Amino acid sequence: MNLSEWRNLSQTSDGCLLLDLDYSQLIVEDGQVTNWPANASDLGYRQCQDFEFSDNDALTLVQEFELVCGRDILSLVETCFLVGAAAGAVLSGWISDRFGRRHTLMAFVTIQSVFGGILAFSTSVAMFMSLRVIIGFASMTVTVVSFVLVVELVSGKWRTVIGILNILPVAVTYVLASGMAYLIRDWRILQLVISWPWLIMLGIWFWLPESPRWLLAQGRLDELCGLIERAAKTNGTSSQLPTNYRKTLEAAVPREVQPQQEGAGSEEVKGDSLEAASSHQSGHVNPLLVVFGGKYWRTTCLTLIIWLTLIIIYFGLTLHLSNLGGNIYINNAVAGTIEAVSICTSILVVLKAGIRRSLIGYMLLPGLCCLATNLVPSQTGVIALATIAKCLIGANNAIIPTYTAMQYPTIVRNFGVGMGNLAAGIGLILVPFLWHLEHIDALLPLNVMGVCGLIGAIAICLMKDVN
């Protein structure tokens with residue numbers, strides 16, 4: 001029989017229930033059932049036990065584990081990764097501040113790649129979900145620590161430039177992921193492709209430099225001086241190093257690490273380190289007490305609001321572009337390309353207008369675009385406004401980590417950025433359920449994102465400016 005006719009005849013509209021009759025007794029001639037029971041509508045329905053899917057060329061998690069009809073737990077499966085990411089956002093800061101940026105970063109790159117590969121051999125949904133929690137933790141740790149490491153290797157305007165460019169590969173990978181997902185329809189093979197090749201990154205473990213600011217905060221001057229001399233040699237500026245630069249660094253070491261040292265230091269290094277020193281009580285500082293202490297509690301609360309609202313908009317649009325219609329592969333590739341251009345352009349905007357004013361604009365405009373969808377009659381107009389909003393908020397997503405890092409001293413900078421990522425993790429957990437609101441009204445999710453944009457812009461206005 002014609003498949004659509006068979007479905008209409010025997011099943012409910014969602015395909016989950018089947019008429020309760022003996023199908024082996026039916027006779028089909030010329031594509032028509034000749035002895036269909038007259039009282040079929042009175043027989044009732046039974047639950048389907050076996051399923052067929054329209055896309056036979058693909059092997060997805062939903063198809064393999066039949067996550068349909070009472071087992072539709074895809075939002076919960078996605079949430080497992082996001083719960084791990086939320087935990088990684090907080091704990092990664094403590095781990096990195098305790099053991100260093102370099103070793104933490106490379107250790108969790110290894111965990112992410114190894115467990116990502118093991119995930120491809122999952123034999124059950126429970127195993128898949130458990131591994132996704134671990135991978136979520138590792139992924140967020142890599143994201144936070146890699147950012148903090150690169151911004152602590154530079155200073156001045158380059159900290160802003162490098163901090164923004166650190167997010168650029170994210171937009172590029174949206175394009176690459178769309179192409180890979182289009183060509184590789186088996187989720188297990190795709191998982192291996194995006195996981196195990198990156199074990200090659202372990203080759204740079206001992207070549208990768210440690211954060212000089214972290215080494216200074218820990219009082220590890222021998223390693224710090226070696227790193228400075230290596231950088232000067234690479235740049236051809238060894239002859240320009242002051243003869244007494246080690247004494248300058250010794251003067252900037254926190255008191256509890258080297259209590260007998262006194263002297264003058266460079267303004268930037270000394271200021272950064274004295275601020276960190278004032279946060280210490282004894283031994284290693286408790287970062288939670290610092291970020292929620294008298295000096296930083298207001299900054300931390302506003303940071304939580306900004307990151308939460310930003311991520312609800314950013315990933316609300318990124319992960320659910322298909323909800324707005326169109327081809328999901330093309331939508332993601334186009335949006336990723338435009339976002340990459342937007343991130344590069346944002347560097348010029350930030351250097352010209354300043355980081356705080358740029359953040360306000362990049363938060364306010366996406367919110368207005370989302371709210372403006374109520375005034376557009378066509379679906380094409382809605383998609384266009386949503387794409388513009390995604391690209392603008394993508395630039396904000398690239399700038400906000402740098403701005404957050406500038407709000408905290410070195411010794412708790414990683415933890416401060418981690419607090420922002422904690423709020424981001426909560427936002428990510430909410431995003432899969434946000435789009436359930438479209439069953440009430442098609443534009444309700446976009447309206448919620450629009451309000452988040454306005455709230456986020458107000459929160460940024462209340463933050464202190466940084467240079």
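The expected span of a helix is 1.5 Å times one less than its number of residues. The exercises below apply to a predicted model.

**Exercise 1. Helix length**

Task: Compare the expected span of helix H17 (residues 379–405) with the distance between its end C-alpha atoms.

Solution:
- Helix H17 has 27 residues.
- At 1.5 Å a residue, H17 should span 39 Å.
- The end C-alpha atoms of H17 are 39 Å apart, so the two values agree.

**Exercise 2. A bend in H17**

Task: Where in H17 does a kink lie, and which proline follows shortly after?

Solution:
- The kink lies at Ile 399 and is about 30°.
- Pro 401 is the proline that comes shortly after the kink.

**Exercise 3. Surroundings of H17**

Task: How many residues of H17 are buried? Then place Thr 404.

Solution:
- Buried means under 20% relative accessible area.
- In H17, 22 of the 27 residues are buried, so the helix is largely enclosed by the rest of the structure.
- Thr 404 sits in H17.
- Its relative accessibility is 2%, so Thr 404 counts as buried.
- Leaving aside neighbours within four places in sequence, Thr 404 contacts Thr 303, Trp 307, Gly 416 and Val 417.

**Exercise 4. Packing of H3 and H4**

Task: Classify the crossing of helix H3 (residues 74–99) and helix H4 (residues 101–119).

Solution:
- Two packed helices are described by the angle between their axes and the distance between the axes.
- Here the axes of H3 and H4 come within 7 Å and cross at roughly 130°.
- Therefore H3 is oblique to H4.
- On the H3 side, Ile 95, Ser 96, Asp 97 and Phe 99 take part.
- They meet Arg 101, His 103, Thr 104 and Phe 108 in H4.
- By class, this contact of H3 with H4 has three nonpolar, three polar and two charged residues.

**Exercise 5. Leu 227**

Task: Is Leu 227 buried or exposed? Which residues does Leu 227 touch?

Solution:
- Leu 227 is in helix H10 (residues 221–235).
- At 15% relative accessibility, Leu 227 counts as buried.
- Not counting residues up to four places away in sequence, Leu 227 touches Pro 209, Glu 210, Pro 212 and Leu 215.
- Ser 211 is 16 residues from Leu 227 along the chain, and their C-alpha atoms are separated by 9.2 Å.

**Exercise 6. The whole protein**

Task: How many helices and strands does the protein have? Add its overall figures.

Solution:
- The protein has 19 helices and four strands.
- Its C-alpha atoms fill a box of roughly 100 × 50 × 40 Å along the principal axes.
- Of the 467 residues, 46% are buried.
- Among contacts with a separation of 6 or more, 75% join residues 24 or more positions apart.

Technical notes: Residues are numbered from 1 along each chain as its sequence is written. This is a predicted model: local features need pLDDT of at least 70, side-chain atom pairs count only at pLDDT 80 or more; totals for chains, interfaces and linings use all residues. Side-chain values use heavy atoms; hydrogens and water are left out. Axes are lines fitted to C-alpha atoms, for helices over the stretch in contact, and angles run from 0 to 180 degrees between N-to-C directions. Helices (H or I, at least four residues) and strands (E, at least two) are DSSP runs, numbered from the N terminus. Angles under 35 degrees count as roughly parallel, over 145 as roughly antiparallel, 65 to 115 as roughly perpendicular and the rest as oblique. Contact means heavy atoms within 4.5 Å. Ala, Val, Leu, Ile, Met, Phe, Trp, Tyr, Cys and Pro count as nonpolar, Asp, Glu, Lys and Arg as charged, and the others, Gly among them, as polar. The bend at a residue is the angle between axes fitted to the seven residues ending there and the seven starting there. Buried means under 20% relative accessible area, exposed over 50%, partly exposed in between (1.4 Å probe, protein chains only).
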